[in-house]
Amino acid sequence: MSRNTSFNIYCMSYRRPNKILTKHQFEYCTYVVRQEEEAAYRVAGVDDLLVIPDGAVRSFMSTLYWIIHNTPEDVIFIADDDIEKFVYRMSDTTYLELPDKRPDKERVTAEIERIAQLIYDLGIGYAFDQPTMAPYAYDCEFKFVGMPGHIRWINKKALKATYDPDDPAASDVDMMMQELLHNRIILQPRYLCAKAGMDLNEGASRTREGHMILVEAMKNKWGKYYDYNYKRNFARIMVKR
């Protein structure tokens with residue numbers, strides 16, 4: 001990062017002190033945990049913590065925005081807590097790891113910082129990786145379209161998206177839609193992906209009923225700009241970039 005731009009890497013974690021994964025991918029990383037879980041994470045060996053006061057958050061999105069509003073840096077990177085590896089994805093997939101299979105922390109951190117600097121210099125508010133690592137999905141180094149994956153960059157100066165706890169459509173896709181509406185652009189690096197597991201945290205909305213409620217809320221909110229293919233299980237974003 002440039003000398004005058006502050007930056008940090010955060011990992012938002014919930015109920016996983018017994019399975020610390022993401023921390024080992026970077027040269028530095030601050031875990032964001034709820035106050036009632038602070039002691040358990042410290043026992044697990046996580047010393048760099050940002051602790052959320054009791055009752056301040058209630059969901060993934062409220063936690064995400066709490067981090068945005070309660071951190072001092074100009075640009076932040078926020079990762080899920082179940083990332084196993086980082087991958088270069090082009091004509092094939094290559095793990096960013098050392099010969100002994102340990103994560104190549106220096107290279108991963110440098111890539112994260114590179115993209116952070118890029119969105120800051122371009123005045124872009126939001127960037128994220130692609131959920132799939134499949135080589136057939138690679139078509140260019142960066143793209144201004146795509147669905148959010150496991151990692152995200154926030155340029156606070158440029159970010160226009162906001163969070164309403166009473167909005168049933170509140171989600172990472174809604175956040176992306178807001179950025180497309182107000183900034184007309186998001187950034188998705190296609191060459192860099194995170195390999196992570198499915199979120200199975202207790203309380204996560206992973207039932208079909210919960211997913212359909214969110215989909216219908218998104219359709220009601222965004223109208224002709226959002227559609228969902230129920231047979232193939234993917235969303236269509238119809239916003240001009």
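The following exchange concerns helix α3 and some salt bridges in a predicted model.

Visitor: How far does helix α3 reach from its first C-alpha to its last?
Guide: Helix α3 covers residues 105–122, which gives 18 residues. At 1.5 Å a residue the expected span is 26 Å, and the computed reach is close to that value, at 26 Å.

Visitor: Which residue just after α3 takes a positive phi?
Guide: Within α3, the buried residues include V108, I112, I115 and I119. Just after the helix, a positive phi of about 70 degrees is taken by G123.

Visitor: Is E97, which meets K85 in a salt bridge, buried or exposed?
Guide: The side chains of K85 and E97 meet at 3.0 Å, N to O, and the pair links distant parts of the chain, with K85 in strand β5 and E97 in the loop between β6 and α3. K85 has 24% relative accessibility and therefore counts as partly exposed. Because buried means under 20%, E97, at 17%, counts as buried.

Visitor: Which helices hold D174 and K221, whose side chains meet in a salt bridge?
Guide: The closest approach of this pair is 2.9 Å, N to O. D174 counts as buried at 3% relative accessibility, whereas K221 counts as partly exposed at 38%. The salt bridge ties together parts that are 47 residues apart in sequence, because the two residues lie in helices α4 and α5.

Visitor: Which residues are joined into one network by salt bridges that share partners?
Guide: E97 pairs with K85 and also forms a salt bridge with K101, with the closest N and O atoms 3.6 Å apart. The shared partners join into one network K85, E97 and K101.

Notes:
Residues numbered from 1 in each chain as written. Predicted model: local features only at pLDDT ≥ 70, side-chain atom pairs only at ≥ 80, totals over all residues. Heavy atoms only, no water. Helix = DSSP H or I, 4+ residues; strand = E, 2+ residues; numbered from the N terminus. Expected span 1.5 Å × (residues − 1). Buried < 20%, exposed > 50% of the residue type's maximum accessible area, 1.4 Å probe, protein only. Salt bridge = Lys/Arg side-chain N within 4 Å of Asp/Glu carboxyl O.
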